[in-house]
Amino acid sequence: LDVRRGYDVPAKTFFAELARCALLVAPLYPTLTIICSLFFLPVIEVFERAGWNLELLNAPIFYGVFYGPFSTVYVLTKRALRNLQHSLPELDAPEHRRRVDAFLDYRRNMADAAERRRRGVG
C-alpha cells in the first residue's frame, strides 16, 4: 500500500516519522548488518560450488550489507504513515469546537422535528 496514493502526507509529518524511525533503527544497525550478511552466505556457497566468479557478488554484498539495514527505516516509516492515515485526524481546538457545535445543532434539530411530528405540527 503506497501512502501517497490516497493520502497526502505533509512534509513535516513525513520527516518527523522518518527521523523517529531512523533513531529507532540506529542502535540496531550493527545487528541488522550481520543479519543482512547472513543472507549472502548461501549465495556465496552456490557460487563457490558452481565455480562461478565470486567477484560478481562484490557489489551486491557491499550494497546489500551496507544499505540493507536502512530498508528497516523505510518499512517502519511507511507503516507509521499508513497507521496515521487510518487514525483519527488531529483537530485544533476551534475546529473541534465548531464540529461539536454543528453536531449538537443537528441533534437538537432532529429532536425538534421528531417532537413536531409527534404533536402533528409541520
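This briefing walks through the helices, the buried and exposed residues, the salt bridges and a surface patch of one protein chain.

The model is a predicted one, in which local features need pLDDT of at least 70 and side-chain atom pairs count only at pLDDT 80 or more, while totals for chains, interfaces and linings use all residues. Residues are numbered from 1 along each chain as its sequence is written, and side-chain values use heavy atoms, with hydrogens and water left out. The protein chain has six helices and zero strands, where helices (H or I, at least four residues) and strands (E, at least two) are DSSP runs numbered from the N terminus.

**The chain as a whole**

- Along the sequence, the pattern of the protein chain reads α-α-α-α-α-α.
- Of the 122 residues in the protein chain, 16% are buried; buried means under 20% relative accessible area, exposed means over 50%, and partly exposed lies in between (1.4 Å probe, protein chains only).
- Among contacts (heavy atoms within 4.5 Å) between residues at least 6 apart in sequence, 75% join residues at least 24 apart.
- The protein chain exposes about 9900 Å², and carbon and sulfur atoms supply 63% of that area. Accessible areas come from the Shrake-Rupley method with a 1.4 Å probe, and for residues only the protein chains shown count as cover.

**Helix H2**

- Helix H2 covers residues 11-25, and its 15 residues should span 21 Å at 1.5 Å a residue; the end C-alpha atoms are 21 Å apart, which agrees. The expected span of a helix is 1.5 Å times one less than its number of residues.
- Glu17, Cys21 and Val25 are buried in H2. They cover an arc of only 70° around the axis, so they sit on the same side of H2; the arc is that of the directions from the helix axis to the C-beta atoms.
- Lys12, Phe15 and Leu23 are exposed on the other side of H2.

**Helix H3 and Thr33**

- The 22 residues of H3 should span 32 Å at 1.5 Å a residue, and the end C-alpha atoms of H3 are indeed 32 Å apart.
- Leu32, Thr33, Cys36, Phe40 and Phe47 are the buried residues of H3.
- Thr33 has a relative accessibility of 18%, so it counts as buried. Not counting residues up to four places away in sequence, Thr33 touches Val65 and Pro69.
- Gly51, just after H3, takes a positive phi of about 80°.

**Thr77 in helix H5**

- Thr77 is found in helix H5, which covers residues 70-85, and is buried with a relative accessible area of 5%.
- Leaving aside neighbours within four places in sequence, Thr77 is in contact with Phe14, Glu17, Leu18 and Cys21.

**Salt bridges**

- Side chains of opposite charge can pair when their charged atoms come close. A salt bridge here is a side-chain nitrogen of Lys or Arg within 4 Å of a carboxyl oxygen of Asp or Glu, and the count comes to five salt bridges.
- Arg49 pairs with Glu45, with the closest N and O atoms 2.7 Å apart. These two are four residues apart in helix H3 (residues 29-50), which means about one helical turn separates Arg49 and Glu45.
- Arg49 is exposed at 71% relative accessibility, whereas Glu45 is partly exposed at 34%.
- In helix H6 (residues 93-119), Arg118 and Glu115 are three residues apart, about one helical turn; their salt bridge has its closest N and O atoms 2.5 Å apart.
- Glu115 also forms a salt bridge with Arg119, with the closest N and O atoms 3.0 Å apart. Through shared partners, salt bridges join Glu115, Arg118 and Arg119 into one network.
- Within this network, Arg118 is exposed at 63% relative accessibility and Arg119 is exposed at 62%, while Glu115 is partly exposed at 27%.

**A nonpolar surface patch**

- Phe62, Tyr63, Phe66, Tyr67 and Phe70 form a nonpolar patch on the surface, with about 560 Å² of accessible area together.
- Patches are made of residues with over 30% relative accessible area and no salt bridge; like charges are joined within 9 Å, and nonpolar side chains (Val, Leu, Ile, Met, Phe, Trp, Tyr) within 5 Å.
- Helix H4 (residues 58-67) gives the most to the nonpolar patch, with four residues.
- Phe70 is found in helix H5 and is partly exposed, with a relative accessible area of 45%.
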